[in-house]
Amino acid sequence: MKIDIQNHMLVPEHEVMTEDEIIKEFADVDYDYRNLPKIRSDDPVVKTLDGVQPGSVLRITRKSETAGEFITYRIVED
């Protein structure tokens, strides 16, 4: 039996961002997006995503009872 980790209730949604999304999202910040927290390319969720390579930026969306939705970003590393 194989479990789809992306559909597990405890795993937040992970999306690979396009170059246009990265430029738009990080245009008004005082830091370089390449200094985002890291996520390893061998992370079980990362391995299920299409088009992920070192340097890709992931948008991770968590459901929150207090905030509704909490979005965080990670950059993929080897």
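Here are three short exercises, with worked solutions, on the predicted model shown above.

Residues are numbered from 1 along each chain as its sequence is written. Because the model is predicted, local features need pLDDT of at least 70, side-chain atom pairs count only at pLDDT 80 or more, totals for chains, interfaces and linings use all residues, and side-chain values use heavy atoms, with hydrogens and water left out.

**Exercise 1. Work out the strand order of the sheet and how its strands pair.**

*Solution.*
- Step 1: Start with the definitions. Strands are DSSP E runs of at least two residues, numbered from the N terminus, and two strands pair if DSSP finds at least two bridges between them.
- Step 2: Take β3 (residues 57-64) and β4, which pair in the antiparallel sense over 8 bridges. In this pairing, R62 stands opposite F70 and S64 stands opposite G68. A hairpin of 3 residues joins β3 to β4.
- Step 3: Add β2 (residues 38-40), which runs parallel to β4 (residues 68-77) and is joined to β4 by 3 bridges. Here K38 stands opposite I75.
- Step 4: Put it together. The sheet is open, has 4 strands in the order β1-β3-β4-β2, and its pairing is mixed. Its edge strands, β1 and β2, each pair on one side only.

**Exercise 2. Describe the surroundings of H14: is H14 buried or exposed?**

*Solution.*
- Step 1: Locate H14 in strand β1 (residues 13-16).
- Step 2: Check the relative accessible area, using a 1.4 Å probe and protein chains only: buried means under 20%, exposed over 50%, partly exposed in between. At 10%, H14 is buried.
- Step 3: List contacts (heavy atoms within 4.5 Å). Leaving out residues up to four places away in sequence, H14 touches Q6, I39, V45, L49, L58, R59 and I60.
- Step 4: Look at the polar side. A polar atom of the H14 side chain lies 2.8 Å from the backbone oxygen of P12.

**Exercise 3. Which residues make up the largest nonpolar core?**

*Solution.*
- Step 1: Define the core: buried Ala, Val, Leu, Ile, Met, Phe, Trp, Tyr and Cys residues joined through side-chain atoms within 4.5 Å.
- Step 2: Name the 7 members: M17, I22, F26, L36, V57, Y73 and I75.
- Step 3: A second, separate core has 6 residues, including V46, L49, L58 and I60.
- Step 4: Return to I75, whose contacts beyond four places in sequence include Y33, L36, I39 and V57.

Methods: A polar contact is a pair of N or O atoms within 3.5 Å; within protein, one must be able to donate a hydrogen and the other to accept it, and residues adjacent in sequence count only if both atoms are side-chain atoms.
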